[in-house]
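Here's a quick briefing on one stretch of sheet and one aromatic contact. Have the viewer open while you read.

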Amino acid sequence: MAKVILITSDGRAKQIELESPQITVGRSDQSDIVLHGTQVSRAHALLSSDHGVFSVRDLESSNGTFVNGLKVQRQKLRHQDVIRIGDYELRFLERDVTAFTGQALSLTTY
């Protein structure tokens with residue numbers, strides 16, 4: 001199952017399974033993935049899956065959504081792409097982290 005590793009500016013990480021075909025990201029408590037910060041819009045971005053192909057779409061946010069350092073409106077995601085929203089980094093993983101690295105990734109919950 002696809003997932004993102006959410007990494008804060010201070011290095012804390014949280015693994016989030018992408019179980020739904022559409023996942024909202026933003027500052028609003030109504031978002032599926034809630035990110036706090038002044039650079040994050042209430043409804044910032046949408047992660048979606050269409051027949052197993054994931055993409056990210058910016059929802060007309062004030063500060064933009066970036067994939068691998070480039071500002072995007074909509075972008076298909078590939079394994080290990082880095083999505084940046086404000087001070088947050090979301091590392092997209094199409095397959096199990098242990099399968100790629102050979103070891104489990106240690107995550108700190110916040």
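What follows walks through a strand, its neighbours and a ring pair. Keep in mind that this is a predicted model.

**Strand 10 and its two faces**
- Side chains in a regular strand alternate between the two faces of the sheet.
- Strand 10 covers residues 82-85, and its covered face carries Ile83 and Ile85.
- Val82 and Arg84 sit on the uncovered face of strand 10.

**Who strand 10 pairs with**
- Strand 7 (residues 65-67) runs antiparallel to strand 10, and 2 bridges join them.
- Within that pairing, Phe66 has Arg84 as its bridge partner.
- Strand 11 (residues 88-93) also pairs with strand 10 in the antiparallel sense, this time over 4 bridges.
- Look for Ile83 opposite Leu90 of strand 11.
- Strands 10 and 11 make a hairpin with 2 residues between them.
- Gly86 lies in that turn and has a positive phi of about 60°.

**The aromatic pair**
- Searching the whole structure turns up 1 aromatic pair.
- The pair is Phe54 with Phe92, with 5.4 Å centre to centre and 50° between the planes, so it counts as tilted, the class for angles that are neither under 30 degrees nor over 60.
- Phe54 belongs to strand 6 (residues 53-58) and Phe92 to strand 11, so the contact links distant parts of the chain, 38 residues apart.
- Phe54 counts as buried because its relative accessibility is 10%, under the 20% cut-off.
- Phe92 is buried too, with a relative accessible area of 0%.

Key. Residues numbered from 1 in each chain as written. Predicted model: local features only at pLDDT ≥ 70, side-chain atom pairs only at ≥ 80, totals over all residues. Heavy atoms only, no water. Buried < 20%, exposed > 50% of the residue type's maximum accessible area, 1.4 Å probe, protein only. Pairing = 2+ DSSP bridges. Phe/Tyr/Trp six-rings, centres within 6.5 Å; stacked < 30°, edge-to-face > 60°.
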